[in-house]
Amino acid sequence: MSVSSIFKKDLLAIGCGPSNLSLIALWIGAGQSGSVILDRSSSFTWHSGMQLPGAELQVSFLKDLVTLADPTNPYSFLSYLKSTGSIYRTLVASRYSVSRKAFEKYYNWAINRLEAVEFNTEATAITMGTDGFHVETNSGRYVASNVSVGIGKKPYVPNFDDPDRTRYHSANFMERAPASYAGQDICVVGGGQSAAEIVEYLLNLPTPPATIHWICRRPMLLPLDDSPFVNEIYTPAFAEYFYSLPEAARARLNESLKMTSDGISMRTLESLYSRLYRNNIETESHTSVHLKCSCEVLNVAKRHEGRRSVTTRNTLTDFREEFDCDKVLYATGYRYETPAFLDGIATLLTFLPSGEICLNEDFSARLKTSKKARLFLQNAGVSQFGLADQNLSLSAWRSAKIVNSILGREYYTLDKESVATSFPLSQQGAPHSRKIAV
Ligand SMILES: Cc1cc2nc3c(=O)[nH]c(=O)nc-3n(C[C@H](O)[C@H](O)[C@H](O)COP(=O)(O)OP(=O)(O)OC[C@H]3O[C@@H](n4cnc5c(N)ncnc54)[C@H](O)[C@@H]3O)c2cc1C
């Protein structure tokens, strides 16, 4: 492609992750063409920094790219297993849960079959033209009347003095792992799934660290709430109910249901607890593990010879402590950020107090223009659609909604599936869902 090339598309997706792969699989499944997915990476990996041995998918494999919206679509996980001759073996090996690696392979299989992904192509700016959105990339300009942004979230680390704080975020854990941790004092910050997986990984190394300081702000290592009634928040009925609520109520609900997404899976907790027990009882030269809960890191600073000093505070007693270590690993999560490439159309967008772009029920941005062009945002609406917006649970449903909306008809039938809990749409309606003048 030459830098001056111009490409016209009906549907242009920015970011090749599960969100946009699902959208394009369902777009093609609806008999449509003229779509492309752009990704700045050179190839697809699914959270490669956390592809630890044995890491599992935290949801059912039925929450693949398409099945929950259209079980007959050929881009399902079961189609992938069938095409690789591994359907029975996978069922026997994993029953209902599969490995994170298996899903990465599945996504790559879908990418190869979809033939719609342009790698090494970064979206740098979007403007509104007379013929739709103009999307500037390092490989030329794309013009499209429908754009879907699915660029995921950014690794988050508090603003400590540690110059390596972004380098050693869990998102890069496997890539940045040294040849050996033998004899090292390691500090792991965070009390969620990634931190637990990292600690277990370190303990299982043939030459594990000498010490692990594990700092966790929560009162204990808390389990992921995966119980049946609570799991109904990962349904379309709940997402629609949530969307209809006033903003303050939505924020309260997300806070109170946090452990359905931020806790540690029971399997990881059980295997980690056994591993720590064996580490203490059975191993001759065991790793010394200091798990400190209700404890927050105040700062990490550089010391001599590359060491770090960590200052912590017990949130219950206000007791402050300082210790040295060789490396700090940050499992401090991810945050949504409005991408800079939207700056050129920022005046057309409406922002909510949560910082999110205000979305319509079909996941399109509420644009202050009478032009037909539409900008969809995926995995960017937790404060509007609930916690499910950031995981795989509703991605097929969300994609099907977007396809229906672009086509202007209900190609995919999205009648509400039945749920046990009653989720009555709010009578008063969410303030942000009221019409705005353009
Ligand atoms: C370690 C980990 C494990 C997870 N496991 C699960 C799980 O088991 N179950 C579950 O439901 N959820 C899980 N999640 C949450 C969520 O489902 C995943 O993060 C999922 O990958 C989100 O998909 P996405 O397509 O929205 O974004 P991403 O997968 O983050 O993909 C975004 C893509 O956009 C590209 N990009 C960014 N900017 C640009 C640009 N300017 N131009 C072009 N391309 C760009 C990036 O290169 C990237 O490929 C997990 C999250 C993490 C971090």
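In this predicted model, the ligand is surrounded by 29 residues, of which Ser19, Asp39, His47, Gln58 and Leu392 come nearest. The shell that these residues belong to is made up of 13 nonpolar, twelve polar and four charged residues. Polar atoms of the protein approach oxygen atoms of the ligand from both side chain and backbone: a polar side-chain atom of His47 lies 2.7 Å from a ligand oxygen, a backbone N or O atom of Leu392 is placed 2.7 Å from an oxygen atom of the ligand, and a polar backbone atom of Pro18 is found 3.2 Å from a ligand oxygen. Of the 990 Å² that the ligand exposes when taken alone, 86% is buried by the protein.

Turning to the helices, H5, which spans residues 193-204, and H9, which spans residues 266-281, have axes that come within 10 Å and cross at roughly 35 degrees, and the crossing of H5 and H9 is left-handed. On the H5 side, the contact is formed by Gln193, Ala196, Glu197, Val199, Glu200, Leu203 and Asn204, whereas H9 contributes Thr268, Ser271, Leu272, Arg275, Leu276 and Asn279. Sorted by character, the residues of this contact between H5 and H9 comprise five nonpolar, five polar and three charged.

Terms used
Residues are numbered from 1 along each chain as its sequence is written. This is a predicted model: local features need pLDDT of at least 70, side-chain atom pairs count only at pLDDT 80 or more; totals for chains, interfaces and linings use all residues. Side-chain values use heavy atoms; hydrogens and water are left out. Axes are lines fitted to C-alpha atoms, for helices over the stretch in contact, and angles run from 0 to 180 degrees between N-to-C directions. Helices (H or I, at least four residues) and strands (E, at least two) are DSSP runs, numbered from the N terminus. A crossing is left-handed if the near helix is turned anticlockwise from the far one by less than a right angle, and right-handed if clockwise. Contact means heavy atoms within 4.5 Å. Ala, Val, Leu, Ile, Met, Phe, Trp, Tyr, Cys and Pro count as nonpolar, Asp, Glu, Lys and Arg as charged, and the others, Gly among them, as polar. A residue is near a molecule or strand if one of its heavy atoms lies within 4 Å of it. A polar contact is a pair of N or O atoms within 3.5 Å; within protein, one must be able to donate a hydrogen and the other to accept it, and residues adjacent in sequence count only if both atoms are side-chain atoms. Accessible areas come from the Shrake-Rupley method with a 1.4 Å probe; for residues, only the protein chains shown count as cover.
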